[in-house]
Amino acid sequence: MAGTASSPADARATGSKPNLYEVIRDQLIGEIESGRYPSGALLPSVRELTAKMAISTTTARKALAEVVAAGYARPEGTRGHVSAGPRAQHTAEGARQPTASRSDDKSTGLIVRPTVTITAEGAAGFEAERTTIDVRSEVVPAEVAVVLALEDATSAVVVRRRLTTDEHGTPVEFRASYMQHDFAQGTALAEAEPVTGSWNDALASASGKPLRKSQRQVSARHPTDSEAAMLGLRPTACVLVRAETTQDQAGHPLDHTVTVWPAESTRLDLGIE
């Protein structure tokens with residue numbers, strides 16, 4: 001039986017959490033609605049999606065299949081998937097509607113989001129259980145390999161990605177934790193389940209030994225392709241970024257976590273007087 005794209009109302013009614021393929025599906029649909037992919041335009045291929053967004057081919061295929069199911073695209077054999085144009089140009093049964101908390105401004109493409117305050121310790125004004133977690137072993141970008149002091153930049157590490165949404169399904173935080181394979185493998189950190197307590201406590205528990213205080217940097221920049229897709233942002237948007245590196249007592253890096261928030265709706269309270 002062919003599936004159809006679910007609506008946010010359905011998700012809220014069932015209490016389900018958004019999957020990564022759903023976030024990417026909504027991003028593609030939003031880009032079709034905005035005119036970035038007009039009717040007849042070729043959508044990104046599975047290979048392009050996996051490379052740009054650091055996702056599996058299964059997730060990319062599922063996202064494209066859902067865009068087709070929603071009536072926003074059609075497959076054209078070896079050519080790939082072609083846009084069917086904005087909703088005004090066609091009728092789609094079961095297509096996903098914009099979330100209740102989003103208000104699309106067609107003239108600017110901006111999305112109105114609920115403001116979230118992030119404290120210095122990472123506590124935020126949303127419920128942590130509204131998360132989607134993806135964990136896998138993979139080769140990391142060169143800059144992360146340098147931070148983790150990998151002897152072989154092509155060796156795999158454990159990557160834990162976490163997307164947090166508000167009660168309406170609007171993405172408010174995207175976090176990627178890169179951990180030394182020998183350190184994380186076989187611990188709760190390598191499981192796609194929420195950890196109890198703070199992230200630093202979880203790292204200390206996995207290590208079994210005291211850890212050095214995390215080195216933290218906060219900055220603002222444009223999002224990467226995967227960050228923009230996960231947070232539903234334009235590539236030219238601004239995001240707030242906190243990068244933290246945790247070391248053992250000998251100074252060896254165990255974890256490098258990058259947390260990203262939409263700058264237009266996030267205020268960082270760093271506790272600096």
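Visitor: Which angles count as oblique when two axes are compared?

Guide: Angles under 35 degrees count as roughly parallel, over 145 as roughly antiparallel and 65 to 115 as roughly perpendicular, while the rest are called oblique. This will serve us for the helices here, in what is a predicted model.

Visitor: Why are α3 and α4 called oblique to each other?

Guide: Their axes cross at roughly 120° and come within 9 Å. An angle of roughly 120° lies outside the range of 65 to 115 and is not over 145, and therefore α3 and α4 are oblique to each other.

Visitor: Which residues of α3 and α4 meet?

Guide: From helix α3, residues 46-53, Val46, Leu49 and Thr50 meet Thr57, Ala60, Arg61 and Leu64 of α4. By class, this contact of α3 with α4 holds 4 nonpolar, 2 polar and 1 charged residues, and the crossing of these two helices is right-handed.

Visitor: What makes α2 and α4 oblique?

Guide: Helix α2, residues 20-34, packs against helix α4, residues 57-69, at an angle of about 45°, and their axes are 8 Å apart. Since about 45° is neither under 35 nor within 65 to 115, α2 and α4 are therefore oblique to each other.

Visitor: Which residues make the contact of α2 with α4, and how are they divided by class?

Guide: On the α2 side the contact is made by residues including Leu20, Tyr21, Ile24 and Arg25, and on the α4 side by residues including Lys62, Ala63, Glu66 and Val67. By class, the contact has 9 nonpolar, 1 polar and 3 charged residues, and α2 passes α4 in a right-handed crossing.

Key. Residues are numbered from 1 along each chain as its sequence is written. This is a predicted model: local features need pLDDT of at least 70, side-chain atom pairs count only at pLDDT 80 or more; totals for chains, interfaces and linings use all residues. Side-chain values use heavy atoms; hydrogens and water are left out. Axes are lines fitted to C-alpha atoms, for helices over the stretch in contact, and angles run from 0 to 180 degrees between N-to-C directions. Helices (H or I, at least four residues) and strands (E, at least two) are DSSP runs, numbered from the N terminus. A crossing is left-handed if the near helix is turned anticlockwise from the far one by less than a right angle, and right-handed if clockwise. Contact means heavy atoms within 4.5 Å. Ala, Val, Leu, Ile, Met, Phe, Trp, Tyr, Cys and Pro count as nonpolar, Asp, Glu, Lys and Arg as charged, and the others, Gly among them, as polar.
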